[in-house]
Amino acid sequence: MSSVNSCPCGTGRAYIECCGPLHTGARTAPTAVALMRSRFSAFAVGDIGYLLSSWHPDTRPAELELDEAITWRRLQIVDTDAGGEGDAVGIVEFRAQYVDGGGRHILHERSRFERVKGEWRYLDGELYK
């Protein structure tokens, strides 16, 4: 992804100014929403290492494979509960639009986040049907 490209997370900022520094470890997510956005971007750009490192150690899978047929298109933050700079836990409800097999789909999840050694981590989520 070039430096002039918009970040996949939908902020309108350039990737190298938005989620890119989180993916490289140059910066950490200050809020649960920022971590959610960076994880969506990691799915979009195929950054498995970041996805695993941003997962809570108690729920992180041993490995992760991404389906290359899926193209992540758009992220919509629906609701948040806590997850701010001074919080230890947070919830982010989101809808992620993706294309698979030529059809558009929506992943709707309410995700839980928790700080581990001061840094936000994705704990788990409940999918909506």
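**Exercise 1.** In this predicted model, the side chains of Arg112 and Asp124 meet in a salt bridge; find the N to O distance and compare it with the cut-off of 4 Å.

*Solution.* The distance from N to O is 2.7 Å, and a salt bridge requires a nitrogen of Lys or Arg within 4 Å of a carboxyl oxygen of Asp or Glu, so the pair qualifies. Turning to position, Arg112 belongs to strand E3 and Asp124 to strand E4 (residues 119–127), so that the pair links distant parts of the chain, 12 residues apart. As for accessibility, Arg112 is partly exposed at 40%, and Asp124 is also partly exposed, at 27%.

**Exercise 2.** Determine which residues are joined into one network by salt bridges that share partners.

*Solution.* Begin with Asp79 and Arg110, whose side chains meet in a salt bridge at 3.7 Å, N to O; Asp79 sits in strand E1 (residues 71–82) and Arg110 in strand E3 (residues 103–116), 31 residues apart. Next, Arg110 also meets Glu93 in a salt bridge, at 3.3 Å, N to O, and because Glu93 lies in strand E2 (residues 89–100), this pair ties together parts that are 17 residues apart in sequence. The shared partners therefore join Asp79, Glu93 and Arg110 into one network.

**Exercise 3.** Decide whether Glu93, Asp79 and Arg110 are each buried or partly exposed.

*Solution.* Buried means under 20% relative accessible area. Glu93 has 11%, and therefore it is buried, whereas Arg110, with 21%, is partly exposed, and Asp79, with 35%, is partly exposed as well.

Methods
Residues are numbered from 1 along each chain as its sequence is written. This is a predicted model: local features need pLDDT of at least 70, side-chain atom pairs count only at pLDDT 80 or more; totals for chains, interfaces and linings use all residues. Side-chain values use heavy atoms; hydrogens and water are left out. Helices (H or I, at least four residues) and strands (E, at least two) are DSSP runs, numbered from the N terminus. Buried means under 20% relative accessible area, exposed over 50%, partly exposed in between (1.4 Å probe, protein chains only).
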